[in-house]
Amino acid sequence: MSEITGTGPLKTVVHVEELEPVEVAPGIVRRRVGITGHARGWLIDFAPGSEWPEVDVHTTEERYYVLSGEVIEGEERHGAGTYVVFAPGSRHRPRSESGARMLGITVL
């Protein structure tokens, strides 16, 4: 998949399972699903008992939708079907006890 720009294609279609998985930390795999001049998309799989390797600090807005499982942010639990939005300047360190898959967008 290539970057989408103002001079490139107006639509890009990807098959998630064909994207290269990159291990972020033990038990956490990320696939980049799209990059434009406006946003970045990604799919992250958390194995049971995994935690993001460091506190994630946002300079821009970030959003994610929990597709399956449960993501834990501090004391809050976000199950499948939950949509979470982080404002610029926010920080978090997601983890999962049961395992989870989330689809995220970072707004640039």
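Strands are DSSP runs of E, at least two residues long, numbered from the N terminus. This tour uses those strand numbers on a predicted model.

**Stop 1: the largest pocket**

Start with the open space. The largest pocket holds about 270 Å³. To find its middle, select Arg40, Asp56, His58, Glu62 and Thr106, which are the closest to the centre among the 17 residues that line the pocket.

Next, colour the strands around this space. Strand S2 (28-35), strand S3 (39-46), strand S5 (56-57) and strand S11 (100-107) are the elements that give two or more residues to the lining. Which strand gives the most to the lining of the largest pocket? S3 does, with four residues.

Now colour the lining of the largest pocket by residue class. Seven of its residues are nonpolar, five are polar and five are charged.

**Stop 2: arginine 31 and its partners**

Turn to charged pairs. Side chains of opposite charge can pair when their charged atoms come close. The structure holds nine salt bridges.

Select arginine 31 and glutamate 17. They form a salt bridge, with the closest N and O atoms 3.8 Å apart. Arginine 31 lies in strand S2 and glutamate 17 in the segment before strand S1 (22-25), so this salt bridge ties together parts that are 14 residues apart in sequence.

Is each partner buried or exposed? Arginine 31 counts as buried, because its relative accessibility is 10% and the cut-off for buried is under 20%. Glutamate 17 is exposed, as its relative accessible area is 56% and exposed means over 50%.

Keep arginine 31 selected and add aspartate 45. These two also form a salt bridge, and here the closest N and O atoms are 3.1 Å apart. The pair links distant parts of the chain, with aspartate 45 in strand S3 and arginine 31 in strand S2, 14 residues apart.

**Stop 3: glutamate 97 and arginine 95**

Move on to glutamate 97 and arginine 95. Their side chains meet in a salt bridge at 3.4 Å, N to O. Glutamate 97 is partly exposed, with a relative accessible area of 46%. Arginine 95 also counts as partly exposed, at 27% relative accessibility.

**Stop 4: the network**

To finish, select Glu17, Arg31, Asp45 and Arg101 together. Salt bridges that share partners join these residues into one network. Within this selection are the two pairs from the second stop: arginine 31 with glutamate 17, and arginine 31 with aspartate 45.

Notes: Residues are numbered from 1 along each chain as its sequence is written. This is a predicted model: local features need pLDDT of at least 70, side-chain atom pairs count only at pLDDT 80 or more; totals for chains, interfaces and linings use all residues. Side-chain values use heavy atoms; hydrogens and water are left out. On a 1 Å grid over the protein atoms alone, a cavity is a set of points where a 1.4 Å probe fits but cannot get out, and a pocket is an open set with protein on both sides within 12 Å along at least five of seven lines; lining residues have an atom within 4 Å of a point. Grid points are joined across faces, edges and corners, and a volume is the space filled by probe spheres set on the points. Ala, Val, Leu, Ile, Met, Phe, Trp, Tyr, Cys and Pro count as nonpolar, Asp, Glu, Lys and Arg as charged, and the others, Gly among them, as polar. A salt bridge is a side-chain nitrogen of Lys or Arg within 4 Å of a carboxyl oxygen of Asp or Glu. Buried means under 20% relative accessible area, exposed over 50%, partly exposed in between (1.4 Å probe, protein chains only).
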